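I opened a fresh page for a chain I had not looked at before. My plan was to go from the overall layout to single residues.

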Amino acid sequence: MTAVQWTLAQRESSAPPRTGPVRTCIGCRKRELAADLLRIVAQTSGTDSVAIVPDPRRRLPGRGAWLHPSSACLSNAERRRSFGRALRVSGKLDISALEHYLENRHEHS
Ligand SMILES: [Zn+2]
């Protein structure tokens, strides 16, 4: 076996084919493996304010939406008002928790 072949074999064994459920990012509308997206849910806490919160453990109840964990997709989603549409909520949306989460997250680019 040549060195090149060995390298290819290594790469294949260390990177198994990535399959799984596919979701659509509400920011850029690209389809992506759910494992690579951040789940977000809407939490109605007060009367007319709806908090959009990250759900990295995917355990929160309720209707969820999916977003690339990047500030670009976040601002895209905000500009397109994708949160309300995807999460079926209306009123004032508070995305500060989500912004905070993304700001403190180390983005792997
Ligand atoms: Zn995206």
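What follows are my notes, in the order I looked things up.

**Overall layout**

I'm working with a predicted model here, not an experimental one. I went through the chain and found four helices and six strands. Reading along the sequence, I get the pattern α-β-β-β-β-β-α-α-β-α. I checked burial next: of the 109 residues, 23% are buried. Then I looked at contacts with a separation of 6 or more, and 58% of them join residues 24 or more positions apart.

**The sheet**

I wanted the strand order, and it reads 5-3-4-6 in an open sheet of four strands with mixed pairing. Which strands stand at the edges? They are strand 5 and strand 6 (92–94); each has a single partner strand, so one side of each has no neighbour in the sheet. On average, neighbouring strands are turned by 30 degrees against each other, ignoring direction.

I then followed strand 3 to its partners. With strand 5 it pairs in the antiparallel sense over four bridges, and there I found Leu38 standing opposite Leu67. Strand 3 and strand 4 also run antiparallel, joined by five bridges. I noted two pairs between them: Gln43 has Ala51 as its bridge partner in strand 4, and Ile40 has Pro54. A reminder to myself: strands of a sheet pair through backbone hydrogen bonds.

**The core**

I looked up the largest nonpolar core, which has 20 residues. Which of them touch the most other members? My list is Ile26, Ile52, Ala65, Leu67 and Phe83. The elements giving two or more residues to this core are strand 3 (38–44), strand 4 (49–54), strand 5 (64–67), helix 2 (71–79), helix 3 (82–87) and helix 4 (96–103).

I picked Leu67 for a closer look. Skipping residues up to four places away in sequence, Leu67 touches Cys25, Ile26, Gly27, Leu37, Leu38, Ile40, Cys73, Leu74 and Ala77. I had already met Leu38 as the residue opposite Leu67.

**Helix 2**

Three names from that contact list took me to helix 2, where Cys73, Leu74 and Ala77 are buried. Seen down the helix axis, the buried residues of helix 2 fall within an arc of 105 degrees, so they line one face. I jotted down the general rule too: an α-helix has 3.6 residues a turn, so residues three or four places apart point the same way. What do the buried residues of helix 2 pack against? I found strand 5, helix 3 and helix 4. On the other side of helix 2, Ala72 and Arg79 are exposed. Just after the helix, I spotted Arg81 with a positive phi of about 55 degrees.

**Helix 4 and Leu98**

Last stop was helix 4, which lies across strand 3, strand 4 and strand 6. Helix 4 runs at about 20 degrees to strand 4. I chose Leu98 from this helix. Is Leu98 buried or exposed? Leu98 counts as buried because it has 24 C-beta neighbours inside 10 Å, and the cut-off is 20 or more. Leaving out neighbours within four places in sequence, I have Leu98 in contact with Ile40, Ile52, Val53, Pro54 and Leu74. I also looked at Leu98 and Asp55: they are 43 residues apart along the chain, with their C-alpha atoms separated by 9.3 Å.

Methods. Residues are numbered from 1 along each chain as its sequence is written. This is a predicted model: local features need pLDDT of at least 70, side-chain atom pairs count only at pLDDT 80 or more; totals for chains, interfaces and linings use all residues. A nonpolar core is a set of buried Ala, Val, Leu, Ile, Met, Phe, Trp, Tyr and Cys residues joined through C-beta atoms within 7 Å. A residue is buried if 20 or more other C-beta atoms lie within 10 Å of its own, exposed if 12 or fewer, and partly exposed in between; C-beta atoms are placed from the backbone. Two residues are in contact if their C-beta atoms, placed from the backbone, lie within 7 Å. Two strands pair if DSSP finds at least two bridges between them. Axes are lines fitted to C-alpha atoms, for helices over the stretch in contact, and angles run from 0 to 180 degrees between N-to-C directions. The arc is that of the directions from the helix axis to the C-beta atoms.
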